[in-house]
Amino acid sequence: MKKNTVIFDLDGTLANIEARRVKSLMNGKMNWDVFFDAENIQLDLPNKPVIKMAQLFKQDGFKIIIFSGRKNFSCATRLSTSGISCNR
């Protein structure tokens, strides 16, 4: 059987960004500088059910690709503790 690739997005999928999103809302508008500030990214939490799904796909031989719109995405910092490794 041919194994396929599964693609996950980081923000809002693998990472719960709700606290950062709330902090970035100012007068009903998103302040993108605040949203992407490295200090605020630390507010993100692992989305454990989705990470578990990625782990199961990986265990079954699927290639996992993670997309991110972040300028300085360091997967190793957050996801490696959840059992997801990043290859560049």
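This note goes through the charged, aromatic and nonpolar side-chain arrangements of a predicted model.

1. Salt bridges. The count comes to three salt bridges in this predicted model, and two of the residue pairs involve Arg 20, with Asp 11 as the partner in one and Asp 44 as the partner in the other. In the pair of Asp 11 and Arg 20, the closest N and O atoms are 2.9 Å apart, while in the pair of Arg 20 and Asp 44 the corresponding separation is 2.8 Å. Asp 11, Arg 20 and Asp 44 are thereby linked in a network of salt bridges.

2. Burial of the network. Where in the range from buried to exposed does Arg 20 fall? Arg 20 has a relative accessibility of 0% and therefore counts as buried, given that the cut-off for burial is under 20% relative accessible area. Asp 44, at 3% relative accessibility, also counts as buried, and Asp 11 is buried together with Arg 20.

3. Sequence separation within the network. The salt bridge between Arg 20 and Asp 44, with its closest N and O atoms 2.8 Å apart, links distant parts of the chain, since the two residues are 24 residues apart, with Arg 20 in helix H1 and Asp 44 in the loop between helix H3 (38-41) and strand S5 (45-46).

4. The salt bridge inside helix H1. Arg 21 forms a salt bridge with Glu 18, and here the closest N and O atoms are 2.6 Å apart. Both residues belong to helix H1 (residues 18-24), and because they are three residues apart in that helix, about one helical turn separates them. Arg 21 counts as partly exposed, because its relative accessibility is 30%, and Glu 18 is likewise partly exposed, with a relative accessible area of 39%.

5. Aromatic pairs. The structure holds four aromatic pairs, one of which joins Trp 32 and Phe 35 in an edge-to-face arrangement, with 5.4 Å from centre to centre and 80° between the planes. Trp 32 and Phe 35 are about one helical turn from each other, because they stand three residues apart in helix H2 (residues 32-36). Phe 35 counts as buried, at 6% relative accessibility. Another pair is formed by Phe 57 and Phe 62, whose ring centres are 5.1 Å apart and whose planes meet at 75°, so that this pair is edge-to-face as well. Phe 57 is partly exposed, with a relative accessible area of 27%.

6. A ring cluster and a charge over a ring. Ring pairs link Trp 32, Phe 35 and Phe 36 into a cluster. Which residue lies over the face of Phe 35? The residue in question is Arg 20, placed at 4.0 Å from the ring centre, so Arg 20, which is buried at 0% relative accessibility, takes part in the salt-bridge network with Asp 11 and Asp 44 and also sits over the ring of Phe 35.

7. Asn 40. This residue has its place in helix H3 and is buried, with a relative accessible area of 6%. When its neighbours within four places in sequence are left aside, Asn 40 is in contact with Arg 20, Lys 23 and Val 34, and Arg 20 therefore appears here again, being the buried residue with 0% relative accessibility.

8. Asn 27 and Ser 68. Asn 27, in the loop between strand S3 (25-26) and strand S4 (29-30), has a phi near 55°, which is a positive value in a residue other than glycine; Asn 27 is exposed, with a relative accessible area of 84%. Ser 68 is placed in the loop between strand S6 (63-67) and helix H5 (75-78) and counts as partly exposed, at 26% relative accessibility. Although Ser 68 and Asp 11 are 57 residues apart in sequence, their C-alpha atoms are 6.9 Å apart in space.

9. The nonpolar core. How many residues does the largest nonpolar core have? The core has eleven residues, namely Val 6, Phe 8, Leu 10, Leu 14, Ala 15, Val 50, Ile 51, Ala 54, Phe 62, Ile 64 and Ile 66. Strand S1 (5-9), helix H4 (48-59) and S6 are the elements that give two or more residues to this core, and H4 gives the most, with three residues. In soluble globular proteins, nonpolar side chains tend to be buried together.

Note on methods:
Residues numbered from 1 in each chain as written. Predicted model: local features only at pLDDT ≥ 70, side-chain atom pairs only at ≥ 80, totals over all residues. Heavy atoms only, no water. Phe/Tyr/Trp six-rings, centres within 6.5 Å; stacked < 30°, edge-to-face > 60°. Helix = DSSP H or I, 4+ residues; strand = E, 2+ residues; numbered from the N terminus. Buried < 20%, exposed > 50% of the residue type's maximum accessible area, 1.4 Å probe, protein only. Lys NZ or Arg CZ within 6 Å of the ring centre and 35° of its normal. Salt bridge = Lys/Arg side-chain N within 4 Å of Asp/Glu carboxyl O. Contact = heavy atoms within 4.5 Å. Core = buried A, V, L, I, M, F, W, Y, C linked by side-chain atoms within 4.5 Å.
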